[in-house]
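Colleague: Here's the model I'd like to go through with you. Could you take a close look at one part of it and talk me through what surrounds it?

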Amino acid sequence: MSSAAVEGPCAGGPEPLLATANRLAEQHPGYRVEIIGGVITVAPVRDGRHAGVLTTLMRAFIAAGLDDDDSEVLQGIGLWLPGGPEDYAIPDLAIVGADHDEHLIENNCYDPAVFRLVLEVTSGNYNSDLRHKVVAYADARIPVYVIVDRKHGRVHVLTEPFGSTYDRHEVYAPGQEAPLPESIGAEVTLDVAGLINTGRTRS
């Protein structure tokens, strides 16, 4: 065992961000720890309504045949980001190619190329989903980014990543349906009112 390992990270300089993030994840089970733009973020455990929205979405994607031999619908899969040397995100939900296991990069995170869609359901950290992750996912060339914005009662569908943004950004309100691009592998239209009502916190 080296002396650096015995003395801890302070002895040899600052601890790498990835090591800090992993330590925080171990210390706070159930919390989501990410590094976006070189900044560590820690999101608390989601509420039941957040989980309900994800269940509703998973049912829709699975019914459309997106969890079969060609693709999989997964919650909490790590996405390695090109924005920084240690950047990664853990989207709430993703549609990935069935061969994603062959594209593991580091820290249980996968190559952005295997992601067809990433989706976030907002909680208290909605600014991250609506701003920072737009840049991160566009930089990673994720073809479709969907945000179920519980705070403002809308669904955002972002497509055509270009630079650090998306060329197309459609916003749908309750009473509308949000069609997703067929590039995800199937025809899927989201019921905005149903998602927003499912995600609404009961008093």
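How many bridges join β9 to β10, and do the two strands run parallel or antiparallel?

Modeller: β9 and β10 run parallel, with 4 bridges joining them. Before the rest, some housekeeping: this is a predicted model, so local features need pLDDT of at least 70 and side-chain atom pairs count only at pLDDT 80 or more, while totals for chains, interfaces and linings use all residues. Residues are numbered from 1 along each chain as its sequence is written, and side-chain values use heavy atoms, with hydrogens and water left out. As for pLDDT, the predictor's confidence in each residue from 0 to 100, the protein chain averages 91, and 93% of its residues reach 70 or more. The part to leave alone is residues 1-10, where pLDDT stays under 50 and the model has 2 contacts beyond four places in sequence.

Now the strands. Helices (H or I, at least four residues) and strands (E, at least two) are DSSP runs, numbered from the N terminus, and two strands pair if DSSP finds at least two bridges between them. On that basis, β9 and β10 belong to an open sheet of 6 strands with mixed pairing, in the order β3-β6-β9-β10-β11-β12. The edges are β3 (71-75) and β12 (165-172); each has a single partner strand, so one side of each is left without a neighbour in the sheet. From one strand to the next, the twist averages 15°; the axes behind such angles are lines fitted to C-alpha atoms, for helices over the stretch in contact, and angles run from 0 to 180 degrees between N-to-C directions.

If you want a marker for the β9/β10 register, take E120, whose bridge partner in β10 is I147. In the other direction, β9 pairs with β6 (residues 93-97) in the antiparallel sense over 4 bridges, and there V96 stands opposite F115 in β9.

Both of your strands are well covered. With buried meaning under 20% relative accessible area, exposed over 50%, and partly exposed in between (1.4 Å probe, protein chains only), 7 of the 7 residues of β9 are buried, and so are 6 of the 6 in β10. In a regular strand the side chains alternate between the two faces of the sheet. For β10 that splits into V144, V146 and V148 on one side and Y145, I147 and D149 on the other, with both sets buried.

Some of the packing involves helix α4 (residues 126-139), which lies across β9 (115-121), β10 (144-149), β11 and β12 and runs at about 170° to β10. Between α4 and β10 there's a loop, and R141 sits in it. R141 has a positive phi of about 60° although it is not a glycine. Most residues other than glycine have a negative phi, and most peptide bonds are trans. With a relative accessible area of 47%, R141 is partly exposed. You'll find another positive phi of about 60° at N108, also not a glycine; N108 is in the loop between β7 and β8 (109-110) and counts as exposed because its relative accessibility is 62%.

Going outward past β10, strand β11 (residues 154-162) joins β12 through 7 bridges, and these two run antiparallel. Here V155 stands opposite Y172 in β12. The residue I'd zoom in on is H156, which is found in β11 and counts as buried at 6% relative accessibility. Its side chain makes a polar contact with the side chain of H169 at 2.8 Å. (A polar contact is a pair of N or O atoms within 3.5 Å; within protein, one must be able to donate a hydrogen and the other to accept it, and residues adjacent in sequence count only if both atoms are side-chain atoms.) Counting contact as heavy atoms within 4.5 Å, and leaving out residues up to four places away in sequence, H156 touches L130, Y145, V146, I147, D149, H169, E170 and V171. Several names on that list should look familiar: Y145, V146, I147 and D149 are among the buried residues of β10. If you're setting up protonation states, the H156 and H169 side chains are the pair to have on screen.
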